[in-house]
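Trainee: I have a structure to go through. Can we take it piece by piece?

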Amino acid sequence: MINNPSITIYSKPNCSFCDMAKKMLKHRDIPFEEKILDTHYTKQWLVEQYPSATVFPVIVWDGFYIGGSKELREKLKEQNLNEQLLTE
């Protein structure tokens, strides 16, 4: 089995895509850290750290910015395929 990645979700209040990303991870029992805009970070800090991020949530997987909820879904599918290959 592949170890769980280190995942941070930079979210904001009332963000349906943020909620979807968290739900995907919770459904798979993958732990993550959530940081909320104006509580844990500022928009200026986020832009400086991840200048290519243009949507919420901003998802960081093992230290690398991967994108938003769509990219998270793709990454989870990829991880699932890798786990299947290792068990065959």
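The questions below go from the sheet to the cores and then to single residues.

Trainee: What is the order of the four strands in the open sheet?
Mentor: This is a predicted model. The sheet is open and its pairing is mixed. S2 (33–36) and S4 are the edge strands, each pairing on one side only. The order is S2-S1-S3-S4.

Trainee: Do S1 and S3 pair in the parallel or the antiparallel sense, and over how many bridges?
Mentor: Strands of a sheet pair through backbone hydrogen bonds, in one sense or the other. Threonine 8 stands opposite valine 60 in S3. The S1 and S3 pairing is antiparallel, over four bridges.

Trainee: What angle does the direction of H1 make with that of S1?
Mentor: H1 covers residues 16–27. H1 packs on the sheet and touches S1, S2 and S3. The angle with S1 is about 160°.

Trainee: How many residues has the largest nonpolar core?
Mentor: Its members include Tyr10, Leu37, Tyr50, Phe56 and Val60. Another core lies apart from it, with Leu25, Ile30, Ile59 and Leu76 among its 10 residues. The largest core has 11 residues.

Trainee: Which residues does tyrosine 50 contact, leaving aside neighbours within four places in sequence?
Mentor: Tyr50 belongs to the largest nonpolar core. Tyr10, Val58 and Val60 are listed in that core too. The contacts of tyrosine 50 are Tyr10, Trp45, Val58, Val60 and Tyr65.

Trainee: Is serine 11 buried or exposed, and what is its relative accessible area?
Mentor: Serine 11 lies in strand S1, residues 7–11. Leaving aside neighbours within four places in sequence, its contacts include Cys18, Glu34, Leu37, Tyr41 and Phe56. Buried means under 20%. Serine 11 therefore counts as buried, because its relative accessible area is 1%.

Trainee: Which residues does a cis peptide bond join?
Mentor: Most peptide bonds are trans. Here omega is about 0° at one bond. Its proline lies in the loop between H2 (43–49) and S3. The bond joins phenylalanine 56 and proline 57.

Trainee: What is phi of asparagine 14?
Mentor: Most residues other than glycine have a negative phi. Asparagine 14 is in the loop between S1 and H1. Asparagine 14 is exposed, with a relative accessible area of 84%. Its phi is positive, near 55°.

Trainee: And what is phi of aspartate 62?
Mentor: Aspartate 62 sits in the loop between S3 and S4. Aspartate 62 is partly exposed, because its relative accessible area is 43%. Its phi is also a positive value, near 50°.

Trainee: How far apart in space are glycine 63 and threonine 8, C-alpha to C-alpha?
Mentor: Glycine 63 is in the loop between S3 (58–61) and S4 (64–67). Glycine 63 is exposed, at 58% relative accessible area. The two residues are 55 apart in sequence. In space, they are 8.5 Å apart.

Trainee: What separates the C-alpha atoms of tryptophan 61 and lysine 75?
Mentor: Tryptophan 61 is in strand S3. Tryptophan 61 is buried, with a relative accessible area of 8%. Not counting residues up to four places away in sequence, tryptophan 61 touches Lys75, with Pro5, Ile7, Leu72 and Gln79 also among its contacts. Along the chain the pair is 14 residues apart, and the C-alpha separation is 9.2 Å.

Terms used:
Residues numbered from 1 in each chain as written. Predicted model: local features only at pLDDT ≥ 70, side-chain atom pairs only at ≥ 80, totals over all residues. Heavy atoms only, no water. Helix = DSSP H or I, 4+ residues; strand = E, 2+ residues; numbered from the N terminus. Buried < 20%, exposed > 50% of the residue type's maximum accessible area, 1.4 Å probe, protein only. Core = buried A, V, L, I, M, F, W, Y, C linked by side-chain atoms within 4.5 Å. Contact = heavy atoms within 4.5 Å. Pairing = 2+ DSSP bridges. Axes fitted to C-alpha atoms, helices over the stretch in contact; angles between N-to-C directions.
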